[in-house]
Amino acid sequence: MNKLSGLIAATFTPMHEDGQVNLEPIPAIVDRLVSNDIGGLYVCGSTGEGPALTSAERRDVAEAYVKATAGRIPVVVQVGHASNWEARDLAKHAAAIGADALSALPPTYFKPDSMDSLIDCLSEVASGAPELPFYYYHIPRLTDVSFSMAEMLRRAPEELPSLAGIKFSSFMQHEFQQCVNLAEGRHTMLFGVDESYVSGHALGAAGAVGSSYNFMAPIYHAARTAFDEGDAKRAFELQAEAGVLIRTMLSYDGMAGFKTMMRTIGLDCGPSRLPLRSLDDAGRKALAAELAAINAAQWLMK
């Protein structure tokens, strides 16, 4: 697999109205993402409600995305689980279906109490598919696991040899910069905060993984082009505009707002699974009115 780069969509898991997983929309979702120059897919992460799915459902969703992608862009499957053994089995399955890479959250009930413990946990997970590149999913605001990622990179060559990089979804940009400096071509740093995409790109991110890339990729492509062409002012203006759109969506029960946007662009992913909330018709209409007032449609994917 080539190193991950560009915009990487953290994919949604479509669901029927009764909360059962619905695999039918996945091929259309993938086709839309590919046609909008998305560089890879990140499956069963936070956006995909991976922690709320059964292991059987996660296998089905991963297989559906790999099959629909058909090798056009890389697919990373997030396999983290409260049970390291279950995560290891999900890793084996990801390799068997042809996923391009693995990723994993740390265990989040019985948490690692040190970097030694975290590396031991990740090593066990990665052993399920040692041939696949492995990306650690660092999102301390949700996992409450916040050890130094710079230390992980320093120790990985000997202690976690399949580590290919880190999906860095912390707001600590100074730590991200330190990791970029340490990566030195050996590891790939993926930035995971949509609201600061341009900052991550400026700091040297190889790519970015995010939820909003599923439906508003054009504004990020425009921001990156502006930055790369030397117009940093315009790039950050576009980033600020993206931030307004994201905050508006998140004000409608978080993930519910994002799933509503998929419906808006013609890719209905259904409701979210509890404890996440879903919008009713009134909520969707209110969100649509707010987005129309700020001309969001100009940046939505066609």
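## Charge and overall form

Lys and Arg are counted here as positive and Asp and Glu as negative, while His and the chain ends are left out. On that basis the chain, which is a predicted model, carries 25 positive and 35 negative side chains. The centres of these two sets lie 2 Å apart.

The secondary structure comprises 12 helices and 8 strands. With a radius of gyration of 18 Å, close to the 19 Å that the globule rule gives for 302 residues, the chain is as compact as a globular protein of that length. Along the principal axes, its C-alpha atoms fill a box of roughly 55 × 50 × 35 Å.

## Burial and contacts

Of the 302 residues, 57% count as buried. The accessible surface of the chain comes to about 12700 Å², and carbon and sulfur atoms account for 51% of that area. Among contacts with a separation of 6 or more, 73% are between residues 24 or more positions apart.

## Nonpolar cores

In soluble globular proteins, nonpolar side chains tend to be buried together. The largest nonpolar core of this model has 93 residues. Within that core, L41, Y136, F215 and M216 touch the most other members.

The surroundings of Y136 can be given in detail. Leaving aside neighbours within four places in sequence, Y136 is in contact with S103, A104, P106, L118, L122, V145, M149, M152, L163, G165, I166 and K167. Apart from the largest core lies another, of 13 residues, whose members include L4, I8, A10 and I139.

## Buried loop residues

Two loop residues, N36 and S196, are buried. N36 is placed in the loop between α1 (26–35) and β2 (40–43). Its relative accessibility is 13%, under the 20% limit, so N36 counts as buried. Not counting neighbours within four places in sequence, N36 is in contact with A217, P218, H221, M301 and K302.

S196 is found in the loop between β7 (188–191) and α8 (197–202). The relative accessible area of S196 is 17%, and the residue is therefore buried. Beyond residues up to four places away in sequence, S196 touches Q173, F191 and Q239.

## An exposed glycine

G230 lies in the loop between α9 (217–228) and α10 (232–250). Because its relative accessibility is 63%, G230 counts as exposed. The C-alpha atoms of G230 and G45 are separated by 34 Å, and these residues are 185 residues apart along the chain.

## Backbone geometry

Most residues other than glycine have a negative phi, and most peptide bonds are trans. In this model, a cis peptide bond joins L274 and P275, with omega about 15°. P275 is located in the loop between α11 (255–264) and α12 (281–293).

Positive phi values are found at E184 and N295, neither of which is a glycine. E184 has a phi of about 50° and lies in the loop between α7 (173–183) and β7. With a relative accessibility of 69%, E184 counts as exposed. For N295, phi is near 55°, and the residue lies in the segment after α12. N295 is partly exposed, as its relative accessible area is 42%.

Notes. Residues numbered from 1 in each chain as written. Predicted model: local features only at pLDDT ≥ 70, side-chain atom pairs only at ≥ 80, totals over all residues. Heavy atoms only, no water. Helix = DSSP H or I, 4+ residues; strand = E, 2+ residues; numbered from the N terminus. Rg over C-alpha atoms; globule rule 2.2 N^0.38 Å. Buried < 20%, exposed > 50% of the residue type's maximum accessible area, 1.4 Å probe, protein only. Contact = heavy atoms within 4.5 Å. Areas by Shrake-Rupley, 256 points an atom, 1.4 Å probe, with all protein chains shown as cover. Charge placed at Lys NZ, Arg CZ, Asp CG, Glu CD. Core = buried A, V, L, I, M, F, W, Y, C linked by side-chain atoms within 4.5 Å.
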